[in-house]
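Biologist: Please take a close look at one part, the interface of chain A and chain B, and explain what is found there.

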Number of protein chains: 2
Amino acid sequence: MKTLKDVALRAGVSIASVSTVINNTAAVSPAMRKKVERAVADLGYIPHALARNLKMGRVNVIGLILPDIANPHFSELASAIEVACDSAGFSLMLCNTSDNAEKEVRHLRMMRAQRVAGVIFVPGGSPTHDTEALGRLLEGPAVLLDRAFASLALDCVLLDNVEAGRLAADHLVQNGHRRIGIVAGPPHLQISQDRVAGCRAAMRAHGLPFEESLVVDGGFRPELAYHATRAVLRRRARPTAVIATSNHTTVGVMKALAELGLRCPADVSVAAIDDFTWAEGFAPRLTAVAQPIEAMGQEAVRRLLARSDSRASPQCVVLPPRLIIRDSTRVLE
Amino acid sequence: MKTLKDVALRAGVSIASVSTVINNTAAVSPAMRKKVERAVADLGYIPHALARNLKMGRVNVIGLILPDIANPHFSELASAIEVACDSAGFSLMLCNTSDNAEKEVRHLRMMRAQRVAGVIFVPGGSPTHDTEALGRLLEGPAVLLDRAFASLALDCVLLDNVEAGRLAADHLVQNGHRRIGIVAGPPHLQISQDRVAGCRAAMRAHGLPFEESLVVDGGFRPELAYHATRAVLRRRARPTAVIATSNHTTVGVMKALAELGLRCPADVSVAAIDDFTWAEGFAPRLTAVAQPIEAMGQEAVRRLLARSDSRASPQCVVLPPRLIIRDSTRVLE
DNA sequence: TTGAATATCTGAAACGTTTCAGATAACCTA
DNA sequence: TAGGTTATCTGAAACGTTTCAGATATTCAA
C-alpha cells in the first residue's frame with residue numbers, strides 16, 4: 001500500500017505538502033496542487049485512516065451492539081442508525097451479542113479499544129448482566145437503546161412499553177374482549193414487565209379484573225411462546241383474544257393458533273406488539289402496536305453525538321408507540 | 001484515556017515490559033507480571049487498537065457492504081457473516097448502499113482507508129455501477145456475495161439462481177400448472193435473468209411452451225411487483241400460478257392477490273424465491289425456494305480469509321437452493 | 001535598494017503501540 | 001574465580017499520519 005512518503009517522492013515535494021494538499025488545510029500554489037494530485041492519482045493512494053485517526057485522536061466510527069441482527073426489529077433499528085450515522089459522517093461497526101452477557105462486555109471492550117466515537121448499546125435478554133464491567137465500559141459516550149439498566153445512569157432511548165401494552169389491551173377491551181391471554185416476554189426483563197403492566201393498567205382503567213393466570217411466559221424465542229400459547233388456549237374458558245408482546249412471541253402465537261385449528265380473528269383475536277412489515281400480504285393482516293423505529297435510531301445517534309461534546313447529565317427519552325388496527329382483531333358481540 | 005506509558009509509570013517498569021506482559025510475547029518474572037497487572041487494573045487501561053494495528057500492519061476487521069440491512073435476506077446474511085467473523089476473531093464493519101452506486105465506491109474507499117482485512121461486497125441493484133472504480137478498490141482481499149460482475153475476475157459466492165428458478169417452476173409444472181406468471185426482478189440484473197432463465201428451462205424440460213408475455217418486471221420494491229402482479233392476474237386467461245422471484249416481489253404479489261380477492265392457493269398458487277422465516281404462522285404458509293444463507297455467509301468469510309494469504313486465481317462458488325413445499329401452491333386438477 | 005511583509009514550502013516531533021538489539025543481573029560449570 | 005549461559009528487562013526505532021515553527025523565496029512600499 002502506498003504511503004504519503006511514496007506520493008511525496010513521486011511528486012518531488014515534502015510529505016507535509018502532500019498532507020496539506022490532500023486535506024486542504026492551507027493555501028498551496030496551483031503548481032503544487034497539480035503535482036500532488038497527479039501523483040495521488042498515479043499511485044492510487046488512499047490515506048491510512050488508522051494513522052490519521054491515531055494522530056488526530058478521533059475516529060469517525062460509531063459502534064452498535066445488539067442482540068440479534070437477524071431479528072427484523074433490530075435490523076430495522078440498525079438500518080435507521082446506519083442512515084443517521086452516515087449522514088453525520090460516521091461509519092458503523094456492528095456486533096451481535098446473541099443475548100450473551102459475556103459477549104456484551106467483550107464487544108464493548110473491543111469498541112473502546114478501537115476508540116470509537118461512541119457506542120449505541122442494545123442490551124440483550126440475558127438474565128444477568130455484568131453491570132459493573134458494563135458500567136465502566138459505558139463511561140465514554142454511549143447510549144442505551146431499547147432497554148435500560150436501572151443501576152446505570154446513562155443516556156437512553158426507549159419505547160414507552162407501558163403505553164404499548166396499554167394500547168394493545170385497550171383496543172381489545174374496547175372491542176368487547178374480557179378474557180385476554182398475554183404471552184409475555186421473559187419475566188426478568190423490565191421491558192416484559194412494563195408491557196404486561198400496561199395491559200393491566202388498561203384493564204383497570206376499564207374497571208375490569210386482571211387475571212394474572214392468563215399471563216404466560218413466552219420467552220424470547222418463538223418456541224416457548226408457541227407452547228405457552230397452546231397452554232393458555234386450552235384452558236376450559238378459552239381467552240377470546242391474545243396479546244403477543246414481541247415479534248418473536250407473535251410468531252409462536254400465530255403458529256399455535258394455526259396448529260390448534262383456531263382461526264384468527266374469528267375464533268381468537270390477536271394484538272401484537274411490534275409490527276411485521278414483511279408479513280404484509282399474508283393473512284391475517286396483523287393488528288399491531290408499532291414502534292417508531294426510525295425515530296428511535298435517529299434519536300440514539302443524535303443523543304450520542306450530543307453527548308460527545310457536552311457534560312449534561314444523562315437523560316432518558318421515551319418514545320410513544322402507535323396502534324395500527326388491521327384484521328387480526330375483531331369486535332366481540 | 002490511559003496509555004502504556006501511564007501504566008509503565010505506575011508500575012515502575014518500562015513501556016516495553018508492559019507491552020510484553022499484556023501480549024504475553026515473552027517470559028517475564030512473576031513479580032513483573034503482578035506489578036503490571038495491578039497497574040492495568042488500577043488504571044482501567046484498554047490498549048489503543050489503532051496504534052496497535054498501525055504498528056502491526058493488520059486490522060482484525062472485515063468490511064461488509066450491502067444494499068439494505070433492513071431486508072431480511074441481507075440481515076440474515078449479515079448475521080451469518082457476523083458469526084463467522086466473530087469465531088475467526090474478526091469484527092464487522094457494516095455499510096448500507098441503499099442500492100446507490102455512488103455509495104458503493106464511497107464506502108469501499110472508506111474501508112480501504114481503514115485497511116480492513118477484507119471486504120465482503122454485495123452489489124446493489126443500481127442499473128449502472130462504476131465498475132472501473134470498484135475494480136480498483138476490490139483489488140485487496142475481497143469477495144463478491146450474492147451478485148457478481150462479469151467484468152471483474154474476483155472470488156464470489158453466489159446462489160445458483162438458474163436452479164432456483166428451475167425448482168420453483170418445476171414444482172408448479174409438476175402440480176399441473178401451465179399458465180404461470182413470473183414476477184421478475186429488474187431485467188438489467190443478471191440475477192433476475194438467471195431466475196427467469198431457470199423457469200424457462202423447467203418449462204422446456206417438460207416440453208411446454210414458455211410464454212414470455214407472462215414475465216413481468218417486479219422491480220426491487222414491493223410497490224412495482226404489486227402493480228405488475230395485478231396486471232398479469234387480470235389477463236383474460238388468468239395464470240393459475242405465480243412465481244415471485246424475490247422477497248420484495250413476494251410481498252407485492254401477496255398483497256395484489258389479497259386486494260383482488262383471489263385466494264391463495266385456491267385461486268392462484270404462489271411459489272416464491274427467498275424464504276420468509278418471519279411469516280411463519282401466517283397464511284398461507286409459503287412454498288419457497290430457500291437460499292442456504294448460513295452457508296453463503298460462512299463460505300464468503302472462509303474464502304475471504306483464505307484469499308488473504310494465497311495468490312490462487314479467483315473462484316466462484318455457486319451454492320444450491322432448496323425447495324420447501326408448504327401451502328401456497330396446490331395441485332391443479 | 002532595502003527592509004518588512006507575505007506567500008509558500010519543509011523538517012521534525014508527536015500520536016500509542018510493537019519489537020529487537022543490547023544491557024544488566026544471576027546462575028552455572030570447570 | 002573467570003567465563004559463558006541464561007533469564008529479565010529496557011531504549012529506541014519504527015508504523016503513517018498531522019501540524020507547527022521555521023526556512024526560503026517573492027513581493028511591495030518607501
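Modeller: Across the interface of chain A and chain B there are six salt bridges, a salt bridge being a side-chain nitrogen of Lys or Arg within 4 Å of a carboxyl oxygen of Asp or Glu. One of them links A:Arg106 to B:Asp86, with the closest N and O atoms 3.3 Å apart. This is a predicted model, in which local features need pLDDT of at least 70 and side-chain atom pairs count only at pLDDT 80 or more, while totals for chains, interfaces and linings use all residues. Side-chain values use heavy atoms, without hydrogens and water; residues are numbered from 1 along each chain as its sequence is written, and chains are lettered from A in the order in which they are written.

The contact (heavy atoms within 4.5 Å) takes 55 residues from chain A and 55 residues from chain B. Together the chains bury about 4900 Å², of which 64% is on carbon and sulfur atoms; buried area is the accessible area (1.4 Å probe) that two parts lose on being put together, summed over both. In chain A, the residues that lose the most area to chain B are A:Arg115, A:Trp278 and A:Phe282, together 18% of what that side buries.

Strands also meet here. Strand β2 of chain A (strands are DSSP runs of E, at least two residues, numbered from the N terminus) is joined by three bridges to β2 (residues 91-96) of chain B, and the two run antiparallel. Strands pair if DSSP finds at least two bridges between them. Within this pairing, A:Leu94 has B:Leu92 as its bridge partner.

Technical notes. Helices (H or I, at least four residues) and strands (E, at least two) are DSSP runs, numbered from the N terminus.
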